[in-house]
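Trainee: I would like a close look at a single part of this structure, namely the charged side chains that pair with one another, and I would be glad if the answer also placed them in their surroundings.

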Amino acid sequence: MIKELFALVFDQSLNPQVLDIPAVSQSFATRSKAFTDSPEVLIGLCVIFFLLGLVMFLLYTRRKNIKYIPHGWVTDAKIIRSVLDLAIDQRSTFEMRFLEGHNRNRPLLRCAGIELKGNDLVLEANGVVNVAAEWVGNKVEAFFKVTVEHKFIYYAVSARIKDTQPYGSERVHIRLDSFEKLENRQKRSFLRISPPSELIMGGGFWYRTLPEEDVRNDASLWPRPDLVILPERLEQFSVQDISAGGTRVKIPSKAMQGWERKFAVGEHIFLLLSLLEPDDTKRLSFWLQCRVQNITVEYVTQDVTVGLQFLAWATVREGTGTTLEWLKLTSNFEVGQIANWVIKRHLEIFRERPEMLDI
C-alpha cells in the first residue's frame, strides 16, 4: 500500500494534466513584467546591492589594515617609554647579549639603565676594559624586569648599538637605537629558586687558590677548596638562590677570617654543587667556572653575598671517577641540566605553596 502511495505521488507530480505548465509559465511572466515595470522597486534593489557592496569593501579594507600583534608584545610608544622610565627609576639590571658576529660568545653584560635620549636607551656597563669598534651596529638583546604591585614583570628588547662612549674607569655607556616593541617574556636564567637545604648534597668553593688549567680535567688534582658544604656536618657557605645562568652564595664572615684578599667584580672562581634529584633519588654534580657579578656586605654581621655568573661547566665522565668533561653553555648562556632542575623544583614549590612565587 505504501508503494502505491509513493507511485501515486510521483505520478501526480509528473503528470502534465495535474500540473498545468503553460498556466504557470504565463503567470510567472505576468508577475515578472509587473515587477520590472515598477521603478521604485528597481531603485530599492540598486540601493540594497550598493550598501551590501560598500559594507563588504569596508570589512575587507579594515581587515587588511589590521596588523597582527603577537601575544605579549608591547608596541605602543607611550607604554614602551613608561616601562623603560620605570626600569630606570627602579635601577633594574639589563642583561645584554650580542646576537651577531664573534661577539655572540661574549658573556652577558650586566648593565644599568641610565637615561632615555629621545627614543634611544642608554645603558651603563661596568667592568669593561676594551670596547671594540665593531660593537656599533651590532644587534643585541637585553632582558630586564620591573616591579609592579610587589610582583615582577619581565621584558626583552632587541635593538642595534648606535654608539658607545667610555665613561670613567672600566665603564662604558652603550646607546641602543630606538625600537618598535617590547616583548613580555623572560629568559630561563631569570627563573631562579631558593633551594631548600635538603636539596644541597654538598659543595666546594675555590677562590684564593684556583685549579691550574692543566689539571682542571682531573678533579683529584684540584687544590683543597677554600669553603665546603658537608650536609649536617659543616656549612661554610650556603646557596641563596640558583638559576640556569648563575647563583648567589652567602659566606659568613667567620668563614673568611684570615683571608688577605677580598672579592672583586669580574674575578673568576670555581664552584662545585651537588644537587639532589628527588624524582630519581640521585645526585647531580656540577663543576662550575664562574664570574663574580656583584658583592653585597651586610653592615652588622659583615657576611658577604656573592652573585656569580656561570661561564663553563663540567661533569664527571661516566666510568672514570675523577675525569671532568668541560662543556659550553647554551646559546642563552645557561647550564641546560641546571635549567631543567630549577624548572622542576619551581613547579613543585608552586604546587605546594603557590603564595611563595611571584612569577
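Mentor: What follows takes the salt bridges as its centre and then moves outward to the polar contacts, the cysteines, the surface and the chain as a whole.

The model is a predicted one, and every value below was computed from it. A search through the whole structure yields eleven salt bridges, and a few of them deserve to be taken one at a time.

Take Glu141 and Arg97 to begin with, whose side chains meet in a salt bridge with an N to O distance of 2.7 Å. This pair links distant parts of the chain, since Glu141 sits in strand β5 (residues 139-148) and Arg97 in strand β2 (residues 93-98), with their positions 44 residues apart. Both partners, Glu141 as well as Arg97, are buried.

Another pair is made by Glu124 and Arg171, which form a salt bridge in which the closest N and O atoms are 3.5 Å apart. Glu124 belongs to strand β4 (residues 120-126) and Arg171 to strand β7 (residues 171-176), so this salt bridge ties together parts of the chain that are 47 residues apart in sequence. The two partners fall into separate classes of accessibility: Glu124 counts as buried because its relative accessibility is 12%, under the 20% limit, while Arg171, at 30%, counts as partly exposed because that value lies between 20% and 50%.

A further salt bridge joins the side chains of Arg248 and Asp241, with 2.8 Å from N to O. Here Arg248 is partly exposed, at a relative accessible area of 33%, whereas Asp241 is buried, at 6%. Beyond such pairs, Asp120, Lys162 and Arg175 are joined into one network by salt bridges that share partners.

Asp241 repays a longer look. Its place is in strand β12 (residues 238-242), and its side chain makes a polar contact of 2.8 Å with the side chain of Arg248. When residues up to four places away in sequence are set aside, Asp241 touches Arg192, Ile193, Ser194, Pro195, Thr247 and Arg248, so that the partner in the salt bridge is also found in this list of contacts, given that contact means heavy atoms within 4.5 Å.

An uncharged counterpart is offered by Ser274, which lies in strand β14 (residues 268-277) and is buried, with a relative accessible area of 7%. The side chains of Ser274 and Ser285 are joined by a polar contact of 3.0 Å. Apart from neighbours within four places in sequence, Ser274 is in contact with Leu199, Ile200, Met201, Gly202, Arg283, Leu284 and Ser285.

Glu134, for its part, is placed in the loop between β4 and β5 and counts as partly exposed, at 38% relative accessibility. Its C-alpha lies 9.3 Å from that of Asn103, although Glu134 and Asn103 are 31 residues apart in sequence.

As for covalent links between cysteines, the count of disulfides comes to zero, by a rule that asks for two cysteine sulfur atoms within 2.5 Å. Cys111 is buried, with a relative accessible area of 4%, and Cys290 is buried too, at 0% relative accessibility.

The surface can be approached through its nonpolar side chains. Ile43, Val47, Phe50, Leu51, Leu54, Phe57 and Leu58 form a nonpolar patch there, and together they have about 700 Å² of accessible area. Phe50, one of these residues, is in helix α3 (residues 39-65), and it counts as exposed because its relative accessible area of 55% is over the 50% limit.

These details belong to a protein chain whose secondary structure comes to five helices and 17 strands. Of its 359 residues, 35% count as buried, and the chain exposes about 22900 Å², of which carbon and sulfur atoms supply 55%. Among contacts between residues at least 6 apart in sequence, 62% join residues at least 24 apart. The salt bridge of Glu141 with Arg97, at a separation of 44 residues, and that of Glu124 with Arg171, at 47 residues, can be read against that background.

Conventions: Residues are numbered from 1 along each chain as its sequence is written. This is a predicted model: local features need pLDDT of at least 70, side-chain atom pairs count only at pLDDT 80 or more; totals for chains, interfaces and linings use all residues. Side-chain values use heavy atoms; hydrogens and water are left out. Helices (H or I, at least four residues) and strands (E, at least two) are DSSP runs, numbered from the N terminus. Buried means under 20% relative accessible area, exposed over 50%, partly exposed in between (1.4 Å probe, protein chains only). A polar contact is a pair of N or O atoms within 3.5 Å; within protein, one must be able to donate a hydrogen and the other to accept it, and residues adjacent in sequence count only if both atoms are side-chain atoms. A salt bridge is a side-chain nitrogen of Lys or Arg within 4 Å of a carboxyl oxygen of Asp or Glu. Patches are made of residues with over 30% relative accessible area and no salt bridge: like charges are joined within 9 Å, nonpolar side chains (Val, Leu, Ile, Met, Phe, Trp, Tyr) within 5 Å. Accessible areas come from the Shrake-Rupley method with a 1.4 Å probe; for residues, only the protein chains shown count as cover.
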